[in-house]
Amino acid sequence: MKNVLNINDLSTRDINIILYRAKKYILFKPNKVLEDKIIGMLFFEPSTRTHYSFESAVLKLGGNTLNYNDNTSSSKKGETLEDTIKTMSLYCDALIVRHPKDKFYLGLNKNINVPIVNAGDGSSEHPSQALLDVFTIREYTKESDNFHIAFVGDLKNGRTIHSTLKLLDKLYNNITFHLISVNNLQLDELFLESIKNKYEIHNDIKKIIAKIDVLYLTRIQNEREPGKDFKPIVVTNKIIEKSKDSLIILHPFPRNNELPKELDNNPKSKYFEQMQNGVFVRMAILDYIFLEN
Ligand code: NCD
């Protein structure tokens, strides 16, 4: 049994097992490895892609899901997250949990005997998204170890950025991160100090558009800084005109104004493919958490 809680706790071997199996799931019809399993889905924050791609992954592997509803459960009578998760762990074989609290998993009951996958904890991390992001990046960068990737938008609060950057930093030694934000939505000092590859900080995407290989765009997480109403960096076809032919554009979604619909037909846009890869990578994660060692 294995948990997927954050990037630091995953070994390179674990990561490679998941990425390799995800590729197999794209190419071959899956075995029903979850046939006798019930997977609990506990979403304490809204979700479309993570929730339903995990659910689709469970169904493709022959398993069943049990959907926890926070609005009709005992949390409304003051039950703690710890007790809710312990309870659900007695009814399910694994739990997929999204919660607004950073590192919610640290406070959990020590004798939870089923694997837990962190489906997003506050503004901290989102490891399954990172795995599908890196899977998609590798489909295009192949064996290259020295590409340039720009993270654009809310670097401070975007948990997908935190996990994807950490995962790339773990797997590669020669990439360059271009960190592009406005309104002080930059990564904090501690995070920057932990990066082992090269990084550059900018506030204008036009200055670096010609040299990047991957553009990873994100929305401003207005719910995490209420009342501030920050203006995003908007990427248009005109800005993309100056990029390499091989550039790929990714976005974890949901999108707001930073990613106009005009980009959807641009062949460089790979975000719908990224979204679909979410099912295959999450199948691989579900398969992986039940491995013995
Ligand atoms: C993201 C999330 O919830 O962190 N969405 C996702 O899971 N694909 C990104 C976001 O909310 O901006």
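These legends describe close-up views of a predicted model.

**View 1. Eleven named residues surround the ligand: T50, R98, H126, Q129, R159, T160, R219, Q221, P252, F253 and P254.** Start with the ligand and look outward. Sorted by class, this shell holds 3 nonpolar, 5 polar and 3 charged residues. Three arginines belong to the shell, namely R98, R159 and R219. Two prolines belong to it as well, P252 and P254.

**View 2. Polar side-chain atoms of T50, R98 and Q221 face oxygen atoms of the ligand at short range.** For T50, the distance from a polar side-chain atom to a ligand oxygen is 2.8 Å. For Q221, the distance is again 2.8 Å. For R98, a polar side-chain atom lies 3.1 Å from an oxygen atom of the ligand. How much of the ligand's accessible area does the protein cover? On its own, the ligand has 320 Å² of accessible area, and the protein covers 93% of this.

**View 3. The ligand takes up the space of the largest pocket.** The pocket contains about 400 Å³ of space. Its lining counts 21 residues. Which of them lie nearest the centre of the pocket? They are R98, R159, R219, F253 and P254. Two elements each give two or more residues to this lining: α2 (49-60) and α5 (159-171). By class, the lining has 4 nonpolar, 10 polar and 7 charged residues.

**View 4. The largest cavity is a separate entry in the count, with a volume of about 70 Å³.** How many cavities of 30 Å³ or more are there? The count comes to 1. Residues lining the largest cavity are R49, S53, Q129, L132, H251, P252, Y271, Q274, M275, G278 and R282. Elements that give two or more residues to this lining are α2, α4 (127-141) and α8 (271-289). Helix α8 gives the largest share, 5 residues. By class, the cavity lining has 4 nonpolar, 5 polar and 2 charged residues. Look again at Q129 and P252: both line the cavity, and both belong to the shell around the ligand.

**View 5. A cis peptide bond joins F253 and P254.** Omega of this bond is about 0 degrees. Where does P254 sit? Its place is in the loop between β9 (248-250) and α8. Both partners of the bond, F253 and P254, are among the residues around the ligand. Both are also among the lining residues nearest the centre of the largest pocket.

**View 6. K142 has a positive phi, although K142 is not a glycine.** What is the value of phi at K142? Phi is near 50 degrees. K142 lies in the loop between α4 and β5 (148-152). Helix α4, at one end of this loop, is one of the elements that give two or more residues to the lining of the largest cavity.

Methods. Residues are numbered from 1 along each chain as its sequence is written. This is a predicted model: local features need pLDDT of at least 70, side-chain atom pairs count only at pLDDT 80 or more; totals for chains, interfaces and linings use all residues. Side-chain values use heavy atoms; hydrogens and water are left out. A residue is near a molecule or strand if one of its heavy atoms lies within 4 Å of it. A polar contact is a pair of N or O atoms within 3.5 Å; within protein, one must be able to donate a hydrogen and the other to accept it, and residues adjacent in sequence count only if both atoms are side-chain atoms. Accessible areas come from the Shrake-Rupley method with a 1.4 Å probe; for residues, only the protein chains shown count as cover. On a 1 Å grid over the protein atoms alone, a cavity is a set of points where a 1.4 Å probe fits but cannot get out, and a pocket is an open set with protein on both sides within 12 Å along at least five of seven lines; lining residues have an atom within 4 Å of a point. A molecule sits in a cavity or pocket if more than half of its atoms lie within 2 Å of its grid points. Ala, Val, Leu, Ile, Met, Phe, Trp, Tyr, Cys and Pro count as nonpolar, Asp, Glu, Lys and Arg as charged, and the others, Gly among them, as polar. Grid points are joined across faces, edges and corners, and a volume is the space filled by probe spheres set on the points. Helices (H or I, at least four residues) and strands (E, at least two) are DSSP runs, numbered from the N terminus.
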